[in-house]
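Q: I'm new to this structure and would like to get to know one part of it properly. Please pick a single helix and walk me through it slowly, along with whatever surrounds it.

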Amino acid sequence: MSQQPHPAESTSPENTAPISPEEALAAAAVAEADELAALSNEVSTLKAQNANLAEQYLRAKAEAENTRRRAEDEMGKARKFAVESFADSLLAVADSLEAGLAIQEATREQLREGSEATLKQLKSALERHKVLEIAPAAGSKFDPHQHQAISMVPADQEANTVVSVLQKGYLIADRVLRPALVTVAAPK
């Protein structure tokens, strides 16, 4: 004997009870309410994230502005006090010159000795601050980047070479501060 399923236990669609329009509207309303709650929750989360990002942006902007301002202040101080060390080195030279001039009855030898010592101090101060002489030797190749030719003279040496130095030039940190004034051998 076979047993037939009870009509209430049947899973076929024709055996399910129809839903009334009121129940369908209620189910749709519940689904809409759930969806609205989920969307409202998502909007709240997004607003909180937006406020957090806006605060982070303002903090980053303020930090960037403070960094820029500090950098400007440091650059201003660096410009203002850049020559402080150099000037300090030159004070000893000024003191030596004043001491030499204070001697009323100095002999030629004393004046010469004092001048040489003061010049040595000056050269030392300049070298300490990377101010180096440009004094090309006679016969060295003319370099237009470091030398300025005052005249070309006939000479018994190769053309475009230095014959004599009229005024020394100076470099400061590999940059020409003043070119050396030189006479150059003319082509034969």
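A: What follows is a close look at one helix, its partner and the loops around them.

First, a caution: this is a predicted model. The part to look at is helix α3, which takes in residues 108-128.

Let's start with its length. Helix α3 has 21 residues, and at 1.5 Å a residue they should span 30 Å. The C-alpha atoms at the two ends of α3 are in fact 30 Å apart in the model, so expectation and model agree.

Next, the partner. Helix α3 packs against helix α2, residues 84-102. In general, you describe a packed pair of helices by two things: the angle between the axes and the distance between them. Here the angle is about 180° and the axes lie 9 Å apart. Anything over 145 degrees counts as roughly antiparallel, so that label fits α2 and α3.

Which residues do the touching? From α2, the contact uses F86, S89, L90, A92, V93, S96 and L97. From α3 come T118, Q121, L122, A125, L126 and R128. Sort that contact by class and you get eight nonpolar residues, four polar ones and one charged one.

Now turn α3 around its own axis and ask what is hidden. The buried residues of α3 are T118, A125 and L126. They sit on the same side of α3, because the arc they cover around the axis is only 95°. If you want to know what lies over them, the cover includes helix α2 and strand β1, residues 131-134. T118, A125 and L126 also turn up in the contact with α2, so you've met these names before.

The other face tells the opposite story. Turned away from the buried side of α3 are the exposed residues E109, R112, E113, K120, E127 and R128. R128 is worth a second glance: R128 is listed among these exposed residues, and R128 also takes part in the contact with α2.

What about the chain on either side of α3? Between α2 and α3 there is a loop, and E105 is found in it. E105 has 72% relative accessibility, so E105 counts as exposed. To place E105 in the wider model, try R175, which is 70 residues away along the chain: the C-alpha atoms of E105 and R175 are separated by 43 Å.

At the other end, α3 is followed by K130, which lies in the loop between α3 and β1. K130 counts as exposed too, because its relative accessibility is 54%. The backbone has a quirk here: phi of K130 is near 60°, a positive value in a residue other than glycine.

K130 has company in that respect. A173 also has a positive phi, near 50°, and isn't glycine either. You'll find A173 in the loop between β4 (169-172) and β5 (175-178).

For a contrast with the helices, take a short detour to N160, in the loop between β2 (147-153) and β3 (162-167). N160 is partly exposed, since its relative accessibility is 37%. Setting aside neighbours within four places in sequence, N160 is in contact with K141, F142, M152, V184 and A185. One of these, V184, is 24 residues from N160 in sequence, yet their C-alpha atoms are 5.7 Å apart.

So, back to α3: T118, A125 and L126 are its buried residues, helix α2 and strand β1 are among what covers them, and K130 comes after the helix with its positive phi.

Technical notes: Residues are numbered from 1 along each chain as its sequence is written. This is a predicted model: local features need pLDDT of at least 70, side-chain atom pairs count only at pLDDT 80 or more; totals for chains, interfaces and linings use all residues. Side-chain values use heavy atoms; hydrogens and water are left out. Axes are lines fitted to C-alpha atoms, for helices over the stretch in contact, and angles run from 0 to 180 degrees between N-to-C directions. Helices (H or I, at least four residues) and strands (E, at least two) are DSSP runs, numbered from the N terminus. Angles under 35 degrees count as roughly parallel, over 145 as roughly antiparallel, 65 to 115 as roughly perpendicular and the rest as oblique. Contact means heavy atoms within 4.5 Å. Ala, Val, Leu, Ile, Met, Phe, Trp, Tyr, Cys and Pro count as nonpolar, Asp, Glu, Lys and Arg as charged, and the others, Gly among them, as polar. The expected span of a helix is 1.5 Å times one less than its number of residues. Buried means under 20% relative accessible area, exposed over 50%, partly exposed in between (1.4 Å probe, protein chains only). The arc is that of the directions from the helix axis to the C-beta atoms.
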